Amino acid sequence: MRKTMLAAAAMLTISSAAFAQSTVIITDPAPTGSVVLPGEVRTYVMEQNTPSVVYDGDIAVGATLPDTVEVHTVPDIDGYGYTVVNERRVIVEPKTHRIIQVLE
């Protein structure tokens, strides 16, 4: 009986060590190019009837819009602004005009 218990314990130890070796732990997620917006920000921006402005530059996450593009604030939520550029709604950082998400 004792040999059976020792054999079972050895098998559990070996299998848990093998499992641990195949486990990948990510401590710093890879950048995905977008952020998770609070739901109320997306809802507010999508409900607004904001005229689109024409812009020849890049409309992508990380790009910075010029100061000539008017950025509207999202009421009661700091850190988020929005505008509509080339018929695309974009979420921007109000102070820097850097695009943090393009809504499709």
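The points below concern the fold and surface of a predicted model.

1. Overall composition. Two helices and four strands make up the secondary structure of the chain. Read from the N terminus, these elements follow the order α-α-β-β-β-β.

2. The sheet. The four strands assemble into an open sheet with the order S1-S2-S3-S4, and their pairing is antiparallel. Strand S1 (72–73) and strand S4 (99–103) are the edge strands; each has a single partner strand, so one side of each lacks a neighbour in the sheet.

3. The S2–S3 pair. Strand S2 covers residues 81–85 and strand S3 covers residues 88–92; the two run antiparallel and are joined by five bridges. Within this pairing, Val85 lies opposite Arg88 in S3. As general background, the strands of a sheet pair through backbone hydrogen bonds, in either a parallel or an antiparallel manner.

4. Helix against sheet. Helix H2, spanning residues 39–47, packs on the sheet and touches S1, S2, S3 and S4. The direction of H2 makes an angle of about 140° with that of S3.

5. Contacts along the sequence. Considering contacts between residues at least 6 apart in sequence, 56% join residues at least 24 apart. The contact between helix H2 (residues 39–47) and the sheet may be read alongside this figure.

6. Burial and surface. The chain has 104 residues, of which 26% are buried, burial here meaning under 20% relative accessible area. The accessible surface of the chain amounts to about 7,600 Å², and carbon and sulfur atoms account for 58% of that surface.

Methods:
Residues numbered from 1 in each chain as written. Predicted model: local features only at pLDDT ≥ 70, side-chain atom pairs only at ≥ 80, totals over all residues. Heavy atoms only, no water. Pairing = 2+ DSSP bridges. Contact = heavy atoms within 4.5 Å. Axes fitted to C-alpha atoms, helices over the stretch in contact; angles between N-to-C directions. Buried < 20%, exposed > 50% of the residue type's maximum accessible area, 1.4 Å probe, protein only. Areas by Shrake-Rupley, 256 points an atom, 1.4 Å probe, with all protein chains shown as cover.
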